[in-house]
Each structure stands twice: as C-alpha cells, then as structure tokens.
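Got your viewer open? Let's take a walk through this one together, one selection at a time.

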Amino acid sequence: MAYKGKRINPQKFERSQIKIIILILPLVIFMAMPLIFIANHAFKPMEELFAFPPTFFVRNATMDNFTKLIKFSRTAGIPLSRYVFNSIIVTVLTVGLSLLFTTCAAFALAKIKFKGRNLMMQINQIALMFVAVAVLIPRYLVVCQLGMIDSIWAHILPLVAYPVALFLVKQFVEQVPDSLIEAAYMDGATDMQVYWKLILPMIKPAIATASILVFQQVWTNMETSNYYINADNMKTLTFYMNTLVNANNTVSGQGIAAAATLIMFVPNLVLFIILQNSVMNTMAHSGIK
Amino acid sequence: MKKKKSNIGRHANNNRNGYFFVAPYAIVFVIFILIPVILAVILSFTNFNAIQWPSWVGFLNYITLITSDEVFMQYVLPNTVIYAVVVGIGGYILSFVLAWALCNLTKIPRTIFALILYSPSMTTGVAMTVLWKVIFSGDQTGLLNSWLMELGIINEPIIWLVATKYLLPIVIVIGLWSSMGVGFLSMIAGILNSDESLYEAAAIDGVKNRFQEMIYITIPQMKPQMLFAAVMAIVGAFQNGLVSTLLTGNPSPGYAAQLIVNHIEDYGFLRYEMGYAAAVSVVLLLIVQLFSRAANSLFSEKDEF
C-alpha cells in the first residue's frame, strides 16, 4: 500500500500510533519518575523514610511531614505564614505589573508606528538570549543604588521585564487583523481604548501564557532573597523552603524537605494544567522570523 | 473626539503614543537588564572588590582569563562545552523528536504526555535538590545505589556526589531531564500548525515514510519555531549551574562539575573579585550570542541559499 501522508494531529486512534506510544513511553516514565517519587516521599511516615532497602512508593500515607513542617517553622523566629504572605504579594505584584507593562509594550510594538520601533524590537530579540545569572553582580549594584535592598520592590522589579514574555505576546498581537483596529479608530476610539477594549480581550491566550512564564520565574526565584534581602522577615517562601531542604539533611528531615518541595511545585503544575490550552495556542505564533 | 491624530495603518508614521505604551516596560528593561549588562562590560575592565572604588585595568582580566586561569581552561570551559553540547544540542534534538512523536498521537494522550515531559522544566533545579540527594545518596540507602545493587550491576555503593567521575554526568542527566521547556511546547505547536495539504502533496510526489516527511515537509515549515526553540535551548544550556552548586557546593569536588556560571559565582560572591567575575560574565554573554547567531543562520527564513 502506498504511503498516505498527513498523519500529523490525527483525529482518531489508529494501530500505527501504538508503535509511537511504545517508543516514547519509557522516556515519559523516566521523566515522570522523579516527580512521582517526590510526591510519594512527602507522604511517607518515619519508618518508611528509614526503610532499607529504600522504597519508591509510599505504603501508609500520612500527613506527618506537613504537620512537622508547620511545627518546625514555629521554632524559628518567623512564622511560616509570613513567608507565604511575602511570596503571594511578590508573585501577584510581579505577574500583575509584568502583564500590564508587557501587553502595553507588545501593543505598541506590534500595532503603533513610531520612530525607534524596529530598533526596540531588535533589542528585545537579542534580549531573548539574556542570561540573568551573568549580571548578578551589576544587578546587585543597581538594586543597591536605588535603595531597594530589603524592600519588597527588590523582589519584584528585577523580574518584571521578561523579554521572552514580551516576544510571545507581541507575536500574538500581530495576529489581530489591522482592519479591526482601523475600524475602531474610525469610530473615534483612542489608543488607550483600542488597547483596553479591543486588543486585551483578543490576546487572552497570550496573556495566560505570559502569566505562566512570569509566575514560574518569580515563584521559584531564589536570587532576590539571597542577594537583595538581608532581613529574614522579607524573604520569600522559596527561600525558606530551600533552607528547610538544606537544614534537614538527615533522613528524618528528608520527608519534611520533600513536603516542602511538593508545596512549591504543585501551584506551578495546577496553573499550567488550567492554562495549557492557551499556552499551546500562543506557542503557535512563537516562531522567530 | 474626531481629531483622529492616532492611526495605525498607512497615515501616521510617527504616533507619539507609542512611546507612552512602551515606556513602562522600557524603563524596567533598561534599569534591570540593559544597565546591568553595560555595567558588567565596564566592570570587566576593572579591578573591583565591592568595597573600594573600581580601578581601571584595561584588558588584564580577559588576558588572565585566557592565559593563566588554569581552572577555567582545564575544567570550566571543557565542562561547559560538554554540558552545552549534550544538554543544549542533545536536549534540542530530543525535544524535536518527542514533539514530533507526540504530534502523531491523538489529542488526549498527546496532552498528557506533553504535560509530563514539560513539568520537570517547571522545577528549575532548585526545588528538587532534596530529591537528587535521596536518589544519588552515597551509601546503600540511596535509591540508585540500592537499585543497581539489587540488579547486580554494582557490588558496593558508589559515592555519586563526591566521585569526580560521576558529577558531570549527573548534572547533565538532571539538565536533560528539565530541558523540555517553552521551546518544546513551541515545537509541538509548530508541527501541529503545519499545512496539512502539503503532506498529501508530498505523498503524491513520492515521500515514502515519516522520516522523509519530517525532513522535507515538517521542518522547513516550522523554521521560525525551530529557531525560537533553539534560542531557548542555548540560553537554558548556558544558564544552568545552580544544580551542581546545590548538590556538591561551589567549587564542586575537583572542579568536576564546575560550569561557567559557577565560575562567575565563585569569583564574584566567594572571592569578591567582581571585575574578574564580570569579565567571565561578558564572555558567557558573548558565547550565548555566538551560538544564537549560528542557530539564526541555520533556521532564518530571510537568507535562504
């Protein structure tokens, strides 16, 4: 039988797909294993953490590690709730500001003609390759000079401009038909109205994607707590969880550390599952031309 | 309201409102990305210990880096190259193959698999330290040691995180594990959106199997996504380094897993030789640029041969 072609994105199940599943399944299992392990580890009671030979799956699941984690934080000077509060404030403000700034800039770069626009787009294209760790020191100097050490803004502002997010949103705004926008201008809309009432509702998938990307940047960020914040009560949950992981190097502490890891990971996963359709929609326009 | 000063389209070529919309982003970008990069370049020509005012030393830092930094030349550079090739290029090819395989499945299994493959990249190394410590623990209670001993592959536990022989491979495996990120998603979307009629035409024109289809139809159609994914892979490959510090400390035993990022951290935050660290940072940024240029010429749609 001749080759039929067009097998991308099949609508229904065919026998030939089994071959592919069998080929990639081992790899998928390998990728999933560490995460499954951490989820199991977090619920293991003490005797299973100490078990020899070590076990992979939990047998008698308990919440012990989570209650211990909360107890452990009481012995320290700063309650866990303070870190949770810091993290939530920082995350919400960073994602919010970033989305506002990014969508504004994306609208201008994609749909408003002004001098220097092409230059700005090129700079952002180069900035996609920006490696934040490489400028840790000068960034610290900037944060110092601005007097932001120990302030909440030291967590937020360095992460607001994320070139990858701007790039993806800009690509998406470009898909909005010019005719729609011109019609709005004909009706007397201002730039602001076009941005707020026309562009924003049309680029919801891109906004969802940008929010996930920025969320991942700030939620797991350790840099800001490590270098810009000296006061312990201004540090974030990620930082605290990480000190937990490092302080509990013993076998009994592993359970607490695993619980901490799980708590940090789950919000990420949930957010992605909720928004994954939008993400894939945005990624369709992610190409660099 | 009928003044209509602003208009996209053909009429107004210099709408000042554009600056108003770009300004907030641009200001934050300049302060926290552009100025730090410029500062890094300036600092790289100085001797700076974070306490005294930096003193100008010209190209000395770069000369030292190339001629007399034995650790850099002997360990850091080779390690970084190996890491970047395996995790960057290897991870890139792996993401493409996986993305392509997933696109041959129906929607539900595809979404589930994509989620599983993508989720490690959300962990960004840091959060997972405890996990790797349990798996690679050096005594027989370590998960990997226990399994290998049960299978009879080894007789004695291997001290994974101290033995210099295994450090780099471990860091590479962790890097690969978390390399299916945004670029991977971009590739899936690129493949899914390729023009279906081309596949039929190709089949008539004599494309015989899926491999040919992939080379002649799929890849040329999704060059922009391939480029975006390549840039993401390059950046990812060069900015990793945190994992080895968290697992083994900085510097890692015998510099076995010392990557360029760790070298910067070592000089900048442990020895306070910030000028020198800045020079290494500039080299890192240049390397990333260079690789991205290469990817650009490979996939760019503008200059086809």
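Here is a short tour, from the whole chain down to a single residue.

**Stop 1: chain B as a whole.** Keep in mind that you are looking at a predicted model. Select chain B and show it as a cartoon: there are 14 helices and two strands to find. Its C-alpha trace spans about 65 × 60 × 40 Å along the principal axes. Now colour by burial, and 49% of the 305 residues of chain B come up as buried. Among the contacts in chain B with a separation of 6 or more, 67% are between residues 24 or more positions apart.

**Stop 2: where the two chains touch.** Bring chain A back into view. How many residues of chain B are in contact with chain A? The count is 102 residues of chain B, meeting 93 residues of chain A. Next, select residues 17–43 of chain B, which form helix H1. Helix H1 gives 19 residues to the side of chain B that touches chain A, the largest share. That side of chain B is made up of 64 nonpolar, 28 polar and 10 charged residues.

**Stop 3: the nonpolar core.** Which residues touch the most other members of the largest nonpolar core? Select A:Ala105, B:Ile188 and B:Ile234: they do, in a core of 177 residues. Helix H3 of chain B (residues 70–103) supplies 14 residues, the largest share of this core. From chain A, domain 1 (19–62) and domain 2 (79–244 + 266–283) each put in at least three residues. Zoom in on A:Ala105 and you'll find contacts with A:Leu166 and, across in chain B, with B:Phe21, B:Val22, B:Tyr25 and B:Ala26.

**Stop 4: two crossing helices.** Keep H3(B) on screen and add helix H11 of chain B, residues 223–239. Their axes come within 9 Å and cross at roughly 145°, and the crossing is right-handed. Show side chains where they meet: B:Gly88 and B:Gly91 are among the residues on H3(B), while H11(B) brings residues including B:Ala233 and B:Ile234. This contact has 10 nonpolar residues, three polar and no charged ones.

**Stop 5: one threonine.** Finish on B:Thr245, which sits in helix H12 (residues 242–248) of chain B. Is B:Thr245 buried or exposed? It counts as buried, because 21 C-beta neighbours lie inside 10 Å. Leaving aside neighbours within four places in sequence, B:Thr245 is in contact with B:Asn250, B:Asn262 and B:Glu265. Try a distance label too: from B:Thr245 to B:Ala257 is 8.8 Å, C-alpha to C-alpha, with the two 12 residues apart in sequence.

Conventions:
Residues numbered from 1 in each chain as written. Chains lettered and ligands numbered in written order. Predicted model: local features only at pLDDT ≥ 70, side-chain atom pairs only at ≥ 80, totals over all residues. Helix = DSSP H or I, 4+ residues; strand = E, 2+ residues; numbered from the N terminus. Buried ≥ 20, exposed ≤ 12 C-beta atoms within 10 Å, placed from the backbone. Contact = placed C-beta atoms within 7 Å. Core = buried A, V, L, I, M, F, W, Y, C linked by C-beta atoms within 7 Å. Domains from an automatic or database assignment. Nonpolar A, V, L, I, M, F, W, Y, C, P; charged D, E, K, R; others polar. Axes fitted to C-alpha atoms, helices over the stretch in contact; angles between N-to-C directions. Left-handed = near helix turned anticlockwise from the far one by under 90°.
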